[in-house]
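Please open the model in your viewer and keep the selection tool at hand, since each stop of this tour begins with something to select.

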Amino acid sequence: MKAALYHEAGGPDTLHYEDVADPVPADDELLIRVEAISIEGGDLVGRRDLAPGKNEVPGYSAAGEIVGMGEDVEGFSLGQKVTTFHWKGSHAQLRAAPARNSFLIPDGLDIGIASTIPVGPGTAAWALHLAKLAPGQTVLVLGAAGGVGLATVQLAAKLGARVIGTGTRPESLERIREYGLNDGIVVGERPASEQIRALLGGNKVDVIIDTIGGDALVDALDVLKDGGNAVLIGVFGGRATKTDAGRLLKHRHTVIGCLLGPEMGDEVPRRLISELFEMAKQGDLRVPIDARFPLSEAASAHRRAEERGRIGRVLMVP
């Protein structure tokens, strides 16, 4: 089969379109003929920072038709269309993935949109669940224009929360008001916390959903109410940023790490993700697609996925 892979960590140009061996599904895995690949944030971080195994195909999310399955798989049939998640293998014409991390695609839902749902919107739904966001509360979404951020904005708004989002571009924040954003905070010249205090008249937010990490989270904790929850999803802002443990203690803040992959097949995350497919089919969850590239142009697709200012996911098609 053909696949896009890299042999050393680096920029998008490290990706090459090559012939590799077809994957063989394990006893608990499905084998799919890939029809759509969603480029996820983790794909970009992995390509940039992590050395791959020999001839290891990268990529988290891919959707397609089941063409094989392991002997222990139940609840799926050959010919069904599914979205799959695994820590590797999406950037290819065929991919094997655990059945517990695979989801049937409802009839009538675009397969490209379906490929994006488990990781991006799925993470948003799981983060809001962990945060215990309630109707009428105020949530601060750091990185509101990204894939996870945009889904978080929509789901929080539908829950009845006031949604404040941060971003680097005012035009991007303005565009996502139609998705449920109430207030946009442009980061850069002034700390986000200073702007939020002014916006709320000195009041604070109930929940933080952070897709950035690093200094952005440390700053945001200054405007989290006592006893509030902050859910950390991304570390693009840095992994070694320090915060004041005494402040966490004094204000009874809870910082929760949210990595959906290991828990995706568990009962509650799986239910939440399954509900998202139906929401997307009914138009209650909007997943904009920024661009679609052939898999053979994976370097260009990754380059586009790293560009700031865009709204929507970048897909690849084998």
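**A tour of charges and one helix**

Begin by selecting D19, which is exposed with a relative accessible area of 58%, where exposed means over 50%, buried under 20% and partly exposed in between, computed with a 1.4 Å probe and protein chains only. The model is a predicted one, in which local features need pLDDT of at least 70 and side-chain atom pairs count only at pLDDT 80 or more, while totals for chains, interfaces and linings use all residues. Residues are numbered from 1 along each chain as its sequence is written, and side-chain values use heavy atoms, with hydrogens and water left out.

Add K2 to the selection: D19 forms a salt bridge with K2, with the closest N and O atoms 3.3 Å apart, the term meaning a side-chain nitrogen of Lys or Arg within 4 Å of a carboxyl oxygen of Asp or Glu. This pair links distant parts of the chain, since D19 belongs to strand β2 and K2 to strand β1 (residues 2–5), 17 residues apart. Helices (H or I, at least four residues) and strands (E, at least two) are DSSP runs numbered from the N terminus. K2 is partly exposed, at a relative accessible area of 28%.

Next, select E40 and R313, whose side chains meet in a salt bridge at 2.1 Å, N to O. E40 sits in the loop between β3 and α1 (41–49) and R313 in strand β15 (residues 313–317), so the pair ties together parts that are 273 residues apart in sequence. Are these two residues buried or exposed? Both E40 and R313 are buried.

Move on to R190 and E194, which form a salt bridge with the closest N and O atoms 3.1 Å apart. R190 is partly exposed at 40% relative accessibility, and E194 is partly exposed with a relative accessible area of 37%. Then select D290, R304 and E307, which are joined into one network by salt bridges that share partners. The structure holds 18 salt bridges.

For the last stop, select helix α3 (residues 120–131), whose end C-alpha atoms are 17 Å apart, in agreement with the 16 Å that its 12 residues should span at 1.5 Å a residue; the expected span is 1.5 Å times one less than the number of residues. Of the 12 residues of α3, 10 are buried, so the helix is largely enclosed by the rest of the structure. Among the buried residues to colour are W126, L128 and A131.
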